[in-house]
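This briefing introduces one protein structure to a reader who has not met it before. Please keep the sequence and the model in view while reading the points that follow.

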Amino acid sequence: MKINTQMLSCSDFDIAAAGEILRNGGLVAIPTETVYGLAANALDGKAVKKIFEAKGRPQDNPLIVHISEVNQVYDLVSCFTPLAKKLAEAFWPGPLTIILPKKDIIPKEVTCAMSTVGIRLPENENARKIITAAGVPLAAPSANSSGRPSPTAAKHVFDDMNGRIDAIVDGGECSVGVESTVVYAADGEEPLLLRPGGISPQMIADVCGACRIDDNILSDMEAVGEVMSPGMKHKHYSPDAKITLIESDFSAYKEYVKKNFAQGVFALCYDGEGRQLDGIPYIEFGKENDPESQCRQVFSALRELDEMHAETVFARCPLKEGTSLAVYNRLIRAAAFRKIKLQQMKGER
Ligand code: TXA
Ligand code: MG
């Protein structure tokens with residue numbers, strides 16, 4: 001059934017309206033610093049179920065719960081572990097989701113019957129105002145149709161969700177641009193990174209002394225069987241085009257793209273490189289040595305490729321370290337794990 005999707009601003013009046021829709025069991029897409037979230041009352045199983053329907057989300061992929069003040073975590077988890085406290089103190093409000101043992105108050109629709117729950121206190125002020133206006137914690141996955149690139153602008157949400165949700169709050173472009181870092185801190189001495197994001201493994205290690213990285217993040221193989229973070233095993237971020245990551249320097253990349261050029265081929269490259277490709281159509285996704293700019297642009301670049309009807313895309317391959325790891329993680333999934341490593345050309349840097 002198609003419903004009328006209201007477009008709301010971040011005025012006090014509209015935020016109050018968004019809060020009321022949420023309190024009454026509706027679905028509202030909200031801005032956060034990472035990506036837009038598709039929110040529902042996290043304590044209302046029936047409302048949460050609608051998120052899965054609107055997104056076409058697999059039933060075994062749990063949602064994270066958003067709060068507007070640190071103290072609210074005690075209502076939701078059975079143990080705010082010392083490790084989690086350290087992480088929260090360092091990175092909340094901000095783009096970090098902490099996995100903790102859940103309390104029974106959280107319905108099974110949120111956690112997909114897992115014994116843990118992911119909690120995040122976003123930095124985006126409008127996100128926190130909406131949570132406060134709702135008066136309840138909000139379950140919110142990224143507000144894209146399942147499998148599509150995550151939305152970093154209200155327009156992206158509209159393109160995927162118009163007619164399927166009650167409202168979209170337009171808070172402009174997201175400042176981080178990739179989803180939160182997800183870290184397991186429910187037990188043990190060391191945190192375990194389950195999904196890379198704007199907060200890098202090194203930043204976590206600086207606070208906690210160490211940070212283990214889940215094997216599924218670094219292995220280039222598609223995760224099969226049991227994975228700790230269910231979201232990692234699903235098809236993700238996939239645009240219509242067939243993407244291949246090209247691991248090489250720019251000149252070898254350029255040679256490769258020129259040699260394999262045909263109708264429908266696009267380059268996905270760093271700022272300033274496109275015009276050096278001798279007329280091959282391209283989309284740029286940030287500066288080569290500036291992973292923050294790549295985070296901000298990678299998802300909108302994937303959506304632009306679809307709008308331009310790209311069929312085959314050769315993408316520059318980000319590094320697997322620091323904040324770049326988050327960009328690599330999204331792109332290798334968008335590429336369905338297709339990657340080609342080229343020999344560096346002789347005499348090139
Ligand atoms: O930045 C973000 O995290 C955004 C904004 C809206 O806050 N939300 C987001 O949600 O990215 P979503 O559902 O697209 O991704 C949540 C990830 C999934 O990979 C999911 O499997 C994992 O967190 N997750 C959720 N609960 C979990 C749990 N109890 N244990 C392990 N992984 C969990
Ligand atoms: Mg998502």
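In this predicted model, Ile 246 stands opposite Ile 340, a residue of strand β16. Strand β12, which covers residues 242-247, runs parallel to β16, and three bridges join the two. The points below set out the sheet, the helices on it, one buried residue and a separate pair of helices.

**The sheet**
- The sheet is open and consists of five strands, ordered β14-β13-β15-β12-β16.
- The pairing within this sheet is parallel.
- Strands β14 (282-284) and β16 (339-341) each have a single partner strand and stand at the edges, so one side of each has no neighbour in the sheet.
- From one strand to the next, the twist averages 25 degrees.

**Helices packed on the sheet**
- Helix α11, residues 291-307, packs on the sheet and touches β12, β13 (265-269), β14 and β15 (312-316).
- The direction of α11 makes about 160 degrees with that of β14.
- Helix α12, residues 324-334, also packs on the sheet, where it touches β12, β13, β15 and β16.
- The direction of α12 makes about 135 degrees with that of β12.

**Gln 294**
- Gln 294 has its place in helix α11.
- With a relative accessible area of 1%, Gln 294 is buried, because the cut-off for a buried residue is under 20%.
- Leaving aside residues up to four places away in sequence, Gln 294 touches Tyr 270, Phe 285, Gly 286, Lys 287, Glu 288, Asn 289, Pro 318, Ser 324 and Val 327.
- Gln 294 and Asn 329 are separated by 35 residues in sequence, and their C-alpha atoms are 12 Å apart in space.

**Helices α1 and α6**
- The axes of helix α1 (residues 12-23) and helix α6 (residues 125-134) come within 7 Å and cross at roughly 50 degrees.
- At that angle, α1 is oblique to α6.
- The crossing of α1 and α6 is right-handed.
- On the α1 side, the contact involves Asp 12, Ile 15, Ala 16, Ala 18, Gly 19, Leu 22 and Arg 23.
- These residues of α1 meet Asn 126, Lys 129, Ile 130, Ala 133 and Ala 134 of α6.
- The residues of the contact between α1 and α6 comprise seven nonpolar, two polar and three charged.

Technical notes. Residues are numbered from 1 along each chain as its sequence is written. Chains are lettered from A and ligands numbered from 1 in the order in which they are written. This is a predicted model: local features need pLDDT of at least 70, side-chain atom pairs count only at pLDDT 80 or more; totals for chains, interfaces and linings use all residues. Side-chain values use heavy atoms; hydrogens and water are left out. Two strands pair if DSSP finds at least two bridges between them. Helices (H or I, at least four residues) and strands (E, at least two) are DSSP runs, numbered from the N terminus. Axes are lines fitted to C-alpha atoms, for helices over the stretch in contact, and angles run from 0 to 180 degrees between N-to-C directions. Contact means heavy atoms within 4.5 Å. Buried means under 20% relative accessible area, exposed over 50%, partly exposed in between (1.4 Å probe, protein chains only). Angles under 35 degrees count as roughly parallel, over 145 as roughly antiparallel, 65 to 115 as roughly perpendicular and the rest as oblique. A crossing is left-handed if the near helix is turned anticlockwise from the far one by less than a right angle, and right-handed if clockwise. Ala, Val, Leu, Ile, Met, Phe, Trp, Tyr, Cys and Pro count as nonpolar, Asp, Glu, Lys and Arg as charged, and the others, Gly among them, as polar.
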